[in-house]
Amino acid sequence: MLRHEFQPGRLVAGLFLTATGVVFAGDANGLWQTPWFAVVPLIVGGLSLAGATATVARGIRRRGHAERV
């Protein structure tokens, strides 16, 4: 039994924020060069995709709950 409900939007947001951290950690260690503005598409794109994922998941949950009642 799950202790909490699965929230895929938070998973997607976490993956993109982790990817952004990895990109800039690689830059800090000198493995590759990353321009400072690369954070904008990673964060904005990731949060937009996370919001869309959360919206779809919420719609699926509501539809499934309405059918059960």
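## A walk around helix H1 and its neighbours

Glutamate 5 is partly exposed, with a relative accessible area of 47%. Keep that residue in mind as we go through this model, which is a predicted one, because glutamate 5 sits in the segment before H1 and pairs with an arginine that is 56 residues away in sequence.

**The salt bridge**

A general point helps here: side chains of opposite charge can pair when their charged atoms come close. The structure holds one salt bridge. It joins the side chains of arginine 61 and glutamate 5, with a distance of 3.2 Å from N to O. Arginine 61 belongs to helix H2, residues 39-68, while glutamate 5 lies in the segment before H1, so the pair ties together parts that are 56 residues apart in sequence. Like its partner, arginine 61 is partly exposed, in this case with a relative accessible area of 37%.

**Next door: phenylalanine 6**

Phenylalanine 6 is also found in the segment before helix H1, which covers residues 8-28. Is phenylalanine 6 buried or exposed? With a relative accessible area of 52%, phenylalanine 6 is exposed, since the cut-off for that class is over 50%. Together with Leu11 and Leu15, Phe6 makes a nonpolar surface patch of about 320 Å².

**Helix H1 itself**

H1 has 21 residues, which at 1.5 Å a residue should span 30 Å, and the C-alpha atoms at its ends are indeed 30 Å apart. Which residues of H1 are buried? They are Pro8, Gly9, Val12, Ala13, Thr20 and Gly26. Viewed down the axis of H1, these buried residues fall within an arc of 160°, so they line one face of the helix. Arg10 and Ala28, on the other side of H1, are exposed.

Two of the buried residues deserve a further look. Proline 8, in helix H1, has a relative accessible area of 18% and is therefore buried. Glycine 9, also a residue of helix H1, counts as buried at 9% relative accessibility. Each has a C-alpha distance to a residue far along the chain, as set out here:

| Pair | Separation in sequence | C-alpha to C-alpha distance |
|---|---|---|
| Proline 8 and threonine 55 | 47 residues | 9.9 Å |
| Glycine 9 and glycine 51 | 42 residues | 6.2 Å |

**After H1**

Just past the end of H1, glycine 30 takes a positive phi of about 80°. Further on, threonine 34 is part of the loop between H1 and H2. Why does threonine 34 count as buried? Its relative accessible area is 14%, and buried means under 20%. The side chain of threonine 34 also has a polar partner: it makes a polar contact of 3.2 Å with the side chain of tryptophan 32.

**Putting it together**

Around H1, then, the segment before the helix supplies glutamate 5 for the salt bridge with arginine 61 of H2 and Phe6 for the nonpolar patch with Leu11 and Leu15. Within the helix, the buried residues line one face, while Arg10 and Ala28 are exposed on the other side.

How values were computed. Residues are numbered from 1 along each chain as its sequence is written. This is a predicted model: local features need pLDDT of at least 70, side-chain atom pairs count only at pLDDT 80 or more; totals for chains, interfaces and linings use all residues. Side-chain values use heavy atoms; hydrogens and water are left out. Patches are made of residues with over 30% relative accessible area and no salt bridge: like charges are joined within 9 Å, nonpolar side chains (Val, Leu, Ile, Met, Phe, Trp, Tyr) within 5 Å. Accessible areas come from the Shrake-Rupley method with a 1.4 Å probe; for residues, only the protein chains shown count as cover. A salt bridge is a side-chain nitrogen of Lys or Arg within 4 Å of a carboxyl oxygen of Asp or Glu. Helices (H or I, at least four residues) and strands (E, at least two) are DSSP runs, numbered from the N terminus. Buried means under 20% relative accessible area, exposed over 50%, partly exposed in between (1.4 Å probe, protein chains only). The expected span of a helix is 1.5 Å times one less than its number of residues. The arc is that of the directions from the helix axis to the C-beta atoms. A polar contact is a pair of N or O atoms within 3.5 Å; within protein, one must be able to donate a hydrogen and the other to accept it, and residues adjacent in sequence count only if both atoms are side-chain atoms.
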